[in-house]
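Q: Please take a close look at one part of this model, the packing of helices within and between chains. Set it in its surroundings, residue by residue where that helps.

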Amino acid sequence: MHERTRGLGAAFAKLLHADNDHSDRHTQDQCFDETGLAAREGEDDDGETEDAGADIGPRRPGRLIALVVVHRRQCTECRRPRSWDTKAVTGPFATATIIVGLLVAVWALVYLVMNKRVDRYLQVATLGLAAMFVILAVGGIVQMMGTDKNLARAEFVGYLLLSPLIPVGGWWWAKNDETRWGAGVLLVVGLVMPVLVVRIQQVWAGV
Amino acid sequence: MSEHVKARTNQGFGRVLVVVYAIFAVGATARSVIQITRRLDEAPVAYVLSAFAAVVYIVATIALARGNRTSRKVAYVAIGIEMAGVIVIGALSLLVPDAFPRATVWSTFGSGYLFIPLILPPLALWWLQRTE
């Protein structure tokens, strides 16, 4: 497997280490050498990418995940051995929570304008948003425990743990309202949640 | 809206008002707990004011959400204090910035929170009047 996936592995490893979370602990070259997924000396980015395409044929997500796990297990210099590393707060899942939050907001705004009371579907969407923030909280805390990074940890955990309460509380407060203003409540919830994600990301970045 | 519903502060638009107050109450409380337990010496005036603001938001939230006659009076008082707070602290934070090395919710008229802290009390007072 190593021989065949070497090119893509190197490209991917480079991607992983572009993350500046731990860039102070080692240089990229050191890490590549240790992993066995290393790029050949003196080869530039373009060369690697072309190589990768030729070597492995169709790209499959399963293989990429396997590569990441192998890389992280072998790369002892750059981080402690862990296979359950997450990027909950900085990765695509956080972006998804922002998008779902905005969708709930738009949906609620439509109901508010149409003078429609909150229905079952909008309730499910709001609770789904709450569930995403529970996942974000768990993933974010795992992410925090996996780093020595200097950040305001109490604030970070506080934001993560309290954020799911807003959609849950909003749902509870909106569900029995007989007027359009139940949707008004969920509009506020849908607008606040993306702001919270951005704030959580700022705390992570040390702002 | 029926007469009965109209007389309550927690119905109709009041529900939106309550949720905004609730978010500020939770946020301000969490923030001041962290500030006071970890770094009170850093900016005592600002942090004590944060805690005070948190209490005001909690009281206003509960009073608006209950929506009976007594809670209406409590809401007037809490929101009155909130209005005075955001104006006085907002002005002081601009005139004597040295007294506020760290921001409170009300610093520079709540500019860090899209001026919502400044908009909220007049809106709430209007709503209290309207539902009288």
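A: Chain A has nine helices and zero strands (DSSP runs, H or I of at least four residues for helices and E of at least two for strands, numbered from the N terminus). From the N terminus on, its elements read α-α-α-α-α-α-α-α-α. The model is predicted, so local features need pLDDT of at least 70 and side-chain atom pairs count only at pLDDT 80 or more, while totals for chains, interfaces and linings use all residues. Residues are numbered from 1 along each chain as its sequence is written, with chains lettered from A and ligands numbered from 1 in the order in which they are written.

Chain A holds 207 residues, and 32% of them count as buried (20 or more other C-beta atoms within 10 Å of a residue's own; exposed means 12 or fewer, partly exposed in between, with C-beta atoms placed from the backbone). Take the chain A contacts between residues at least 6 apart in sequence: 80% of these join residues at least 24 apart. A contact here means that two C-beta atoms, placed from the backbone, lie within 7 Å.

Val118(A) gives a local view of chain A. It sits in the loop between α5 (92–114) and α6 (120–145). With 26 other C-beta atoms within 10 Å, Val118(A) is buried. Leaving out residues up to four places away in sequence, Val118(A) touches Tyr111(A), Gln123(A), Ala174(A), Lys175(A), Asp177(A), Gly182(A), Ala183(A) and Leu186(A). One of these partners, Asp177(A), is 59 residues from Val118(A) along the chain, with the two C-alpha atoms 7.7 Å apart.

Now chain B. It has five helices and zero strands, in the pattern α-α-α-α-α. Its C-alpha trace spans about 50 × 30 × 25 Å along the principal axes. The radius of gyration is 15 Å, which agrees with the value near 14 Å for a compact globule of 132 residues (taken over C-alpha atoms; the rule is 2.2 Å times the number of residues to the power 0.38). Of those 132 residues, 39% count as buried. Among chain B contacts between residues at least 6 apart in sequence, 60% join residues at least 24 apart.

The chains meet through 13 residues of chain B and 17 residues of chain A. The chain B side of that meeting has 10 nonpolar, one polar and two charged residues. The classes are nonpolar (Ala, Val, Leu, Ile, Met, Phe, Trp, Tyr, Cys and Pro), charged (Asp, Glu, Lys and Arg) and polar (the others, Gly among them).

One helix pair spans the two chains. The axes of α7 (residues 153–162) of chain A and α2(B) come within 11 Å and cross at roughly 155 degrees. Axes are lines fitted to C-alpha atoms, for helices over the stretch in contact, and angles run from 0 to 180 degrees between N-to-C directions. The two helices are therefore roughly antiparallel (over 145 degrees; under 35 is roughly parallel, 65 to 115 roughly perpendicular, the rest oblique). The crossing of α7(A) with α2(B) is right-handed. From α7(A) come Ala154(A), Glu155(A), Gly158(A) and Leu162(A); from α2(B) come Val26(B), Ala30(B), Ile34(B) and Arg38(B). That makes five nonpolar, one polar and two charged residues.

Ala30(B) deserves a stop. It lies in α2 of chain B. Across the chains it touches Gly158(A) and Leu162(A), not counting residues up to four places away in sequence. Ala30(B) is partly exposed, with 17 other C-beta atoms within 10 Å. Ala51(B) is 21 residues from Ala30(B) in sequence and 9.3 Å away in space, C-alpha to C-alpha.

Helix α2(B) also packs inside its own chain. The axes of α2 (residues 13–39) and α5 (residues 116–130) of chain B come within 11 Å and cross at roughly 145 degrees. This crossing is left-handed (the near helix is turned anticlockwise from the far one by less than a right angle; clockwise is right-handed). Phe13(B), Gly14(B), Leu17(B) and Val20(B) of α2(B) meet Leu120(B), Leu123(B), Ala124(B) and Trp127(B) of α5(B). Seven of these residues are nonpolar, one is polar and none is charged.

Two residues stand out in the loop before α5(B). Thr108(B) lies in the loop between α4 (69–95) and α5 of chain B, and Phe109(B) is in the loop between α4 and α5 too. Neither is a glycine: Thr108(B) has a positive phi of about 40 degrees, and Phe109(B) has a positive phi near 60 degrees. Thr108(B) is partly exposed, with 17 C-beta neighbours inside 10 Å. Phe109(B) is partly exposed with 18 other C-beta atoms within 10 Å.
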